[in-house]
Structure formats: C-alpha cells, structure tokens
Amino acid sequence: MLSQITSFFGRNNLNIENLLNKARGQYAYTLLDISHKMPDDTAERLREIDGVLRVRRVKERN
C-alpha cells in the first residue's frame with residue numbers, strides 16, 4: 001500500500017518532504033508533507049487506490 005501511495009506522488013511530480021506511516025493490526029495511516037501545492041483532484045485520485053479507506057487533505061495557511 002505504501003509503495004502505491006509514494007509511486008502515485010512520484011508519477012505526479014509531487015516531492016514528498018516528510019512521511020509517517022503507522023500500523024495497528026490490519027489498518028495503517030500515512031501522513032505526507034509535500035513540497036508543492038497539490039492539484040485539487042489529488043485526494044479523489046488517491047481514494048481510487050485499492051485499500052485506501054479515507055483521504056484527508058490539510059491545506060497550508062496563507
């Protein structure tokens with residue numbers, strides 16, 4: 001799962017600056033800091049990865 005997520009960002013030229021992945025049993029969460037503004041449809045496209053249950057996008061303050 002993690003490799004699918006990181007590959008997605010690589011294919012879309014979004015540099016991952018920091019990553020945290022923690023698992024408990026069969027579930028895990030992954031937090032990413034990226035160096036560019038994400039296109040608006042990125043969260044929707046991440047949800048299409050098999051096994052992704054939820055995507056939350058936290059925007060940078062201006």
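## Strand β2 and residue A28

In this predicted model, residue A28 is found in strand β2, an element that spans residues 27-34. A28 counts as exposed, because its relative accessibility of 53% lies on the exposed side of the cut-off, which is set at over 50%. Once its neighbours within four places in sequence are left aside, A28 is in contact with N21, K22 and A23, and the numbers of these three partners fall within the range 16-24 that belongs to β1.

A28 can also be placed relative to the start of the chain: A28 and L2 are 26 residues apart in sequence, and their C-alpha atoms are 9.6 Å apart in space. L2 carries the number at which α1 (2-11) begins.

## Overall fold and dimensions

The protein contains 2 helices and 2 strands, and read from the N terminus these elements follow the order α-β-β-α. With a radius of gyration of 12 Å, close to the 11 Å that the globule rule gives for 62 residues, the protein is as compact as a globular protein of that length. Taken along the principal axes, the box filled by the C-alpha atoms is roughly 35 × 20 × 15 Å.

Among the contacts in the protein with a separation of 6 or more, 34% are accounted for by residues 24 or more positions apart.

## Burial and the nonpolar core

Of the 62 residues, 16% count as buried, and the accessible surface comes to about 5500 Å², with 44% of that area belonging to carbon and sulfur atoms. The largest nonpolar core has 9 residues, namely I5, F8, F9, L14, M38, A43, L46, I49 and V55. The elements that give two or more residues to this core are α1 and α2, and α1 gives the most, with 3 residues.

Which residues does L46 touch, leaving aside its neighbours within four places in sequence? L46 is in contact with F8, F9, V52 and V55; of these partners, F8, F9 and V55 are listed with L46 as members of the core.

## The loop between α1 and β1

N13 is found in the loop between α1 and β1, and its backbone has a positive phi of about 55 degrees although N13 is not a glycine. Is N13 buried or exposed? At 64% relative accessibility, N13 counts as exposed.

## The loop between β2 and α2

Two exposed charged residues can be described in the loop between β2 and α2. K37 lies in this loop and is exposed, with a relative accessible area of 71%. The C-alpha atoms of K37 and K59, which are 22 residues apart along the chain, are separated by 8.7 Å.

D40 is found in the loop between β2 and α2 as well, and at 59% relative accessibility D40 counts as exposed. From D40 to R56 there are 16 residues along the chain, and the C-alpha atoms of this pair are separated by 12 Å.

## The segment after α2 and the charges

R56 has its place in the segment that follows α2 (42-47), and R56 is exposed, with a relative accessible area of 73%. Although R56 and L31 are 25 residues apart along the chain, a distance of 9.5 Å separates their C-alpha atoms; the number of L31 falls within the range 27-34 given for β2.

Taken over the protein as a whole, there are 11 positive and 8 negative charges, and the mean positions of the two groups are 7 Å apart.

How values were computed. Residues are numbered from 1 along each chain as its sequence is written. This is a predicted model: local features need pLDDT of at least 70, side-chain atom pairs count only at pLDDT 80 or more; totals for chains, interfaces and linings use all residues. Side-chain values use heavy atoms; hydrogens and water are left out. Helices (H or I, at least four residues) and strands (E, at least two) are DSSP runs, numbered from the N terminus. The radius of gyration is taken over C-alpha atoms; the globule rule is 2.2 Å times the number of residues to the power 0.38. Buried means under 20% relative accessible area, exposed over 50%, partly exposed in between (1.4 Å probe, protein chains only). Contact means heavy atoms within 4.5 Å. Accessible areas come from the Shrake-Rupley method with a 1.4 Å probe; for residues, only the protein chains shown count as cover. Lys and Arg count as positive and Asp and Glu as negative; His and the chain ends are not counted. The place of a charge is taken as NZ of Lys, CZ of Arg, CG of Asp or CD of Glu. A nonpolar core is a set of buried Ala, Val, Leu, Ile, Met, Phe, Trp, Tyr and Cys residues joined through side-chain atoms within 4.5 Å.
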